[in-house]
Amino acid sequence: MSKAVIDVRDLKKRYGDVHAVRGVSFTVEAGTTVGLLGGNGAGKTTTIAMTLGLLEPSGGSVSILGCDMARDRYRALPYMNFSSPYVDLPHRLTVRENLRIYAGLYSVPDPKARIDELAAQLHMEDFMTRPSGRLSAGQKTRVALAKALINRPRVLLLDEPTASLDPDTGDWIRTYLENYQRDTGATVLLASHNMQEVERLCSEVLMMRQGAIVDRGSPAALLAKYGRESMDEVFLDIARQTGAAVGANGQEQGAA
Ligand SMILES: Nc1ncnc2c1ncn2[C@@H]1O[C@H](COP(=O)(O)OP(=O)(O)OP(=O)(O)O)[C@@H](O)[C@H]1O
């Protein structure tokens, strides 16, 4: 039996003629961060949404903390959470009201203390009483992260966690996530367009193109393999490639 906290096997999603995800397989071991990297439309968000159980796969399976997400996801959900720039909080409710609702959904003990703690840690105190619809993009990103951390999740799925943040704020959010993982042993699946982020946070990177994993490895291994000095260059090399994708266990899957 796999010791992986996240175990994704041959996951597929098809929308009519569109093969959004073409059979991806990967695992994320306890306490590590795996990154999903790929251009626009590569299938990262669809993979994360299926991993969470928000979207029904056309094929394949997802197991989290030993729970089959198709049959048993309510056993795993209390220990999980996610952030996504594509999920908006109710606009008229203030930031604090929204966080209180999520704290209730996750039965967070002493919700006021947890919300105050996150407001201080994520520098949100100035806009806690503002309607969520009136936040700047960078403020929304921080609120989404606070929502994702409200229940101190053991499994965190982050879709572009530093989208819209200025470089300085993005940097301390990355430090914050590193500290969170060090302190809690959380397991993280991260989709990002930010190569520095991936290089810094991820022990393994899955390079996606047109719904398939076309290469994978640690940032150091990928840099060595492509003879590059930065993940930006590796990303461009892979994005410009055509040809067969590498699937689970490294076997070729046919051109995407
Ligand atoms: N509901 C849908 N109906 C039809 N096609 C969809 C749907 N959702 C996603 N797709 C398609 O599936 C593919 C993968 O989309 P996805 O959002 O997963 O990509 P992504 O890697 O997250 O891209 P981005 O970096 O732009 O956010 C795209 O071609 C997209 O147009």
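Let me start with the sheet: in this predicted model, 6 strands form an open sheet, and reading across it the order is E6-E7-E8-E3-E9-E10, with mixed pairing. At the edges we find strand E6, residues 80-83, and strand E10, residues 212-217, each of which pairs on one side only. From one strand to the next, the twist averages 15 degrees.

As an example of a pair inside this sheet, take strand E7, residues 155-159, and strand E8, residues 187-192, which pair in the parallel sense over 5 bridges. If you look for leucine 156, you will find that it stands opposite valine 188 in E8.

Now to the helices that lie across the sheet. Helix H8, residues 219-226, lies across strands E9 (204-209) and E10, and it runs at about 100 degrees to E10. Helix H9, residues 231-240, lies across E3 (33-38), E9 and E10, running at about 35 degrees to E9.

How do we describe two packed helices? We use the angle between their axes and the distance between the axes. For H8 and H9, the axes come within 10 Å and cross at roughly 60 degrees, and an angle that is neither under 35, nor over 145, nor within 65 to 115 degrees counts as oblique, so these two helices are oblique to each other. Their crossing is left-handed.

Which residues make the contact? From H8 they are Pro219, Leu222, Leu223 and Tyr226, and from H9 they are Met231, Val234, Asp237 and Ile238. Sorted by class, this contact of H8 with H9 has 7 nonpolar residues, no polar ones and 1 charged residue.

Definitions and conventions: Residues numbered from 1 in each chain as written. Predicted model: local features only at pLDDT ≥ 70, side-chain atom pairs only at ≥ 80, totals over all residues. Heavy atoms only, no water. Pairing = 2+ DSSP bridges. Helix = DSSP H or I, 4+ residues; strand = E, 2+ residues; numbered from the N terminus. Axes fitted to C-alpha atoms, helices over the stretch in contact; angles between N-to-C directions. Contact = heavy atoms within 4.5 Å. Left-handed = near helix turned anticlockwise from the far one by under 90°. Nonpolar A, V, L, I, M, F, W, Y, C, P; charged D, E, K, R; others polar.
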